[in-house]
Amino acid sequence: MIGHSEKAAQFLKDENRADWHDQTLWMVRQKRDRAAWSVPEWEDLREEASQIKNHALSNLDNYLLQFEEKVIGNGATIHWASDAQEFNDLILRIIQKNGAKKIVKSKSMLTEECGLNPFLEKNGLEVVDTDLGERIIQFRNEPPSHIVLPAIHLKKEEIGELFEEKLKTAKGNSDPQYLTAAARSHLREKFLAADVAITGVNFAIADTGTVVVCTNEGNADMGVHAAKIQIHCMGIEKIIPGTNELAVFTRMLARSATGQPITTYTSHYREPKAGGQMHVVIVDNGRSKLLGNETYRNSLKCIRCGACMNTCPVYRRSGGHSYNYVIPGPIGSILGPDSDINKFKDLPFVSTLCGSCTNVCPVKINIHDLLYDWRQEISEKKLLPLSKRYLMKITGIVLAHNTVYNLSGKVARWAIRNLSGELIYHRINVWGRERELPEVPRESFKQWYRKNTLERRSVNEQG
Amino acid sequence: MIKVGLFIPCYIDQFYPQVGIATLELLQKIGLNIVYPLKQTCCGQPLANSGAEREAIPICKNFVRNFSEFDYIVSPSGSCVYYIREHYNILDQTDQVKKVRQNTYELCEFIVDVLGMEDLKIEYPHKVGIHQSCHGLRGLKLGMPSELVAKQFSKVHQLLKKAKGIEIISLGRKDECCGFGGTFSVIEPEVSVKMGKERIRDHQINGAEIITATDMSCLMHLEGIIRRQNWDTKVVHIAEILNCNRL
Ligand code: SF4
């Protein structure tokens, strides 16, 4: 697998596109700032949201059972899946039992995580993603590059070309309104023909058994209302106690995500429609293990708003696909190694630890601290390359011993001053590819201090 | 009289002695009894940020040995101070360790918060852009980061705005990271340099002749790019500006 740094380098080769990507997401960050500033008690809300999540996670066992009871009482069916395989099989069973063939799906990172689409397609079913951005990347056979703006890596011209091929739109027309209208009529047919509608879940309310789905396009509603069978898929961490708590999150989610006061649609699904079926599928897939991990459990508080991606200067300049994990950016760099430490061991190092992510996070996950913690764990598990481990050992010895340090400093400064440019700016000097090394002084501060302060003082004292 | 220990981080010691000298001179002019312990090396951060916190422990211990006798420890580096304060929790919390963690200050913070001084009678007739280094800003809270909905302030601005002749320019992105990030600068060289270039660009289009910061590490990275590109923007550590005065 090509790691983040190579993919990022690739991404940056097209500088215009990289600049555009950075600026577009920076604009979203600015919208978020304005939206947050419109709520004077914003920081208190963050604290409250964080505490609600802490509370819900600490009492997850009770809340999940309460939720189950309510869901059943509402006439819906509840299912539990312990991992991705079980989840996929379960969904397939519901579909097959009903003889259904056509499925529409609104946005759900969980189904991405579990690989539901390819699994259902392999079983001869048609799954259509109905969120516009999701549909675009589905046409391109690509994973999302952002959790809220899945096709943010694409320019409208590319989407125009794609629709020309897939939806027979007019050649060369990339007017967003025109393209959206084309997608809409295409999706309308899919909605009307669907037997099953699958949605993700933003919040699951324990004391009412309701699932809440936030969208801007109303596509979750279109699907759910048109299809006979509705299936809502959620991770165990989506539970919140009640509607009062929901109010805190609906004030924060869209403001953090896109800078809107609230998503256009906040849909509450509580019971099956007449003659229909409502299924709620609760998935673990590693979450309860994460819950038991004192260091990283905070990451389960995530409400998938994407704010940490929009603000991350590294994400903005490397694109979501370079992270390789289903959830990119700062939070993905914590969740990735948790799902597979060997595969994603480079991700916690893909950060300057600037801390901006932690500050925008509406549920106050200490993202940059967790990245730092992962670095320690990855190093302790000896997953870093051998060369790097030795380098650390040697650096450790040099910096812990004053005399060794003084000597190596002298040698290094001498070397940079006296060796030829070719030697210094060798290919392995990664620093020097696009940066000069510092101009090296003849004496260190320590040498200067000895000469100018101590020696002078002793001369004075003797004199 | 209070006793102040001067900590000069390893890369400043080796590559930027003038920053150490400016810090020492400034604190002496203010009239402090300031001592530079000769057996100091580094705070341990370079290793810890790369994941080798364990290997850093002897370095941290050496730091504590050198500095525990002082009332205050002052350093011209927000990043190292942040590391000492936040991450020396990996050491046994002896009285000495606690004392060192509590009393280590970044230079500007020390002047504003401990000495309560704001006007250093600086003369600095230049157009200056202030790059707010992340560990100082978000870690030490030398200012209020733009992400937070709270009263905006900046201790560095506070100290510079009284300087005679200075023009502090405003930036398009007032506190975006420069892309140095310690080990990040060599693990992700392309992203690091791209971030650095844009940080410099932001200063240039807003008319800065000089970029200053509380951390020489950020400036070393930016200077490396500037020199490779043959641009004429200069980098100057905040201590050097604060030392241009009539104290
Ligand atoms: S970690 Fe925080 S900022 Fe990032 S997506 Fe999750 S809730 Fe949003």
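Two strands pair if DSSP finds at least two bridges between them. The exercises below apply this criterion to a predicted model, and then turn to the interface of chain B and chain A.

**Exercise 1. Establish which strands of chain B pair with β1(B), and in what sense.**

Solution.
- Step 1. Take β2(B): strand β1 (residues 3-6) of chain B is joined to β2(B) by three bridges in the parallel sense. Gly5(B) has Val35(B) as its bridge partner in β2(B), and Val4(B) stands opposite Ile34(B).
- Step 2. Take β3(B): three bridges link β1(B) to β3(B), and the two strands run parallel. Here Val4(B) stands opposite Tyr72(B).
- Step 3. Apply the criterion of at least two bridges. With three bridges to β2(B) and three to β3(B), β1(B) pairs with both strands.

**Exercise 2. Give the strand order of the sheet in chain B and identify the edge strands.**

Solution.
- Step 1. The sheet is open, has four strands with parallel pairing, and follows the order β2-β1-β3-β4 (chain B).
- Step 2. Strands β2 (33-35) and β4 (104-106) of chain B each pair on one side only, and are thus the edge strands.
- Step 3. From one strand to the next, the twist averages 35°.

**Exercise 3. Describe how helices α6 and α7 of chain B lie relative to the strands.**

Solution.
- Step 1. Helix α6 (residues 95-103) of chain B lies across β3 (72-75) and β4 of chain B, at about 20° to β4(B).
- Step 2. Helix α7 (residues 107-114) of chain B lies across β1, β3 and β4 of chain B, and runs at about 105° to β4(B).

**Exercise 4. Characterise the interface of chain B and chain A by area, contributors and polar interactions.**

Solution.
- Step 1. The contact involves 71 residues of chain B and 79 residues of chain A. About 6,600 Å² is buried between the two chains, with carbon and sulfur atoms giving 59% of this area.
- Step 2. Of the area that chain B buries against chain A, 11% is supplied by Gln14(B), Val149(B) and Arg228(B), more than by any other three residues.
- Step 3. Eleven salt bridges are found across the interface. One of the salt bridges joins Arg228(B) to Glu436(A), whose closest N and O atoms are 2.6 Å apart, within the 4 Å cut-off.
- Step 4. Between the chains, 35 residue pairs are in polar contact. Helix α11 (residues 189-205) of chain B contributes nine residues, the largest share of the side of chain B that touches chain A.
- Step 5. By class, that side of chain B comprises 36 nonpolar, 19 polar and 16 charged residues.

How values were computed:
Residues numbered from 1 in each chain as written. Chains lettered and ligands numbered in written order. Predicted model: local features only at pLDDT ≥ 70, side-chain atom pairs only at ≥ 80, totals over all residues. Heavy atoms only, no water. Contact = heavy atoms within 4.5 Å. Buried area = accessible area lost by both parts, 1.4 Å probe. Salt bridge = Lys/Arg side-chain N within 4 Å of Asp/Glu carboxyl O. Polar contact = N/O pair within 3.5 Å; in protein donor to acceptor, adjacent residues only side chain to side chain. Nonpolar A, V, L, I, M, F, W, Y, C, P; charged D, E, K, R; others polar. Axes fitted to C-alpha atoms, helices over the stretch in contact; angles between N-to-C directions.
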